[in-house]
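User: I am new to this structure and would be grateful for a close look at a single part of it, set within the whole.

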Amino acid sequence: FGEDHAGGCGACDNCLNPPQTWDASEAAQMALSCVYRSGQRFGVGHLSDILLGKLTVQVEKFNHQQISTFAIGKAMNAKQWSGVFRQLIANGLLSVDVEGYGGLQLTALARPVLRGEEKVWLRKDSEAGERKPRTRSTKPTFAAGANDGLWTALKAKRMELAREQGVPPYVIFHDSTLVEMLSGRPRNLDEMGRISGVGQAKLTRYGEAFLQVFRDEN
């Protein structure tokens with residue numbers, strides 16, 4: 001998301017238990033090609049339907065059963081394709097058009113992948129029941145009582161944006177970022193931009209929407 005980090009902290013889950021990865025170059029090419037051939041205006045759900053060869057009302061409405069990527073991704077299921085799209089967004093190969101109701105668009109990073117010049121390695125998503133139990137709670141905490149309504153409003157706004165864009169809520173902001181917002185109560189974009197987890201790209205995309213939540217609570 002345009003935010004730099006040196007990595008290798010030695011304390012987080014990714015460092016202590018590195019996730020398994022797989023060569024997803026072919027799947028990435030399918031996904032990126034599907035985004036391009038369908039016009040770079042649709043969300044994850046519709047794109048997955050095209051790749052899986054589902055003749056939905058939406059697919060037939062736009063005649064997407066006729067494009068070359070229709071039904072080429074049947075080796076994977078909808079959950080797996082959702083994971084691929086989610087990680088391509090996180091890795092910067094796809095961007096979410098906030099003004100265009102969450103449609104996905106190719107970025108410059110997608111070109112060498114489509115040409116087969118670069119490989120794509122993605123994390124293997126854990127299947128249900130395979131996650132290791134945490135040794136300690138990581139749920140963010142905040143002062144209860146008066147803050148409960150605002151906390152709920154912040155999470156509701158995050159979920160609204162996530163659903164519009166077809167991505168998990170944490171792609172918008174992590175809980176820890178919302179907690180810091182709750183604590184700092186930013187009044188303008190400048191103050192919002194100082195919050196950990198709010199880079200310039202996210203500030204531009206989501207800053208005003210979350211500031212409005214605070215205005216509505218006043």
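What share of the contacts in the protein with a separation of 6 or more comes from residues 24 or more positions apart? Please then turn to helix 3 and what surrounds it.

Analyst: Residues 24 or more positions apart supply 60% of the contacts with a separation of 6 or more, a contact being heavy atoms within 4.5 Å. This is a predicted model, in which local features need pLDDT of at least 70 and side-chain atom pairs count only at pLDDT 80 or more, while totals for chains, interfaces and linings use all residues. Residues are numbered from 1 along each chain as its sequence is written, and side-chain values use heavy atoms, with hydrogens and water left out.

The protein has 11 helices and four strands; these are DSSP runs numbered from the N terminus, helices being H or I with at least four residues and strands E with at least two. Of its 218 residues, 37% are buried, where buried means under 20% relative accessible area, exposed over 50% and partly exposed in between, with a 1.4 Å probe and protein chains only.

Helix 3 spans residues 44-52, and eight of its nine residues are buried. These are V44, H46, L47, S48, D49, I50, L51 and L52. Their cover includes helix 2 (25-37), helix 4 (57-61), helix 5 (78-90) and strand 3 (103-106). After helix 3 comes G53, with a positive phi near 75°.

Within helix 3, S48 deserves separate attention. S48 counts as buried because its relative accessibility is 5%. Beyond its neighbours within four places in sequence, S48 is in contact with A78, W81, S82 and F85.

Two of the elements that cover helix 3, helix 2 and helix 5, also meet each other. Their axes come within 10 Å and cross at roughly 80°; axes are lines fitted to C-alpha atoms, for helices over the stretch in contact, and angles run from 0 to 180 degrees between N-to-C directions. Helix 2 is therefore roughly perpendicular to helix 5, a term for angles of 65 to 115 degrees. On the helix 2 side the contact is made by A27, A28, M30, A31, L32 and V35, and on the helix 5 side by W81, V84, F85 and L88. By class, this contact has 10 nonpolar, no polar and no charged residues, with Ala, Val, Leu, Ile, Met, Phe, Trp, Tyr, Cys and Pro counted as nonpolar, Asp, Glu, Lys and Arg as charged, and the others, Gly among them, as polar. W81 and F85 thus appear in the contact between helix 2 and helix 5, and S48 of helix 3 touches both residues.

Definitions and conventions
Angles under 35 degrees count as roughly parallel, over 145 as roughly antiparallel, 65 to 115 as roughly perpendicular and the rest as oblique.
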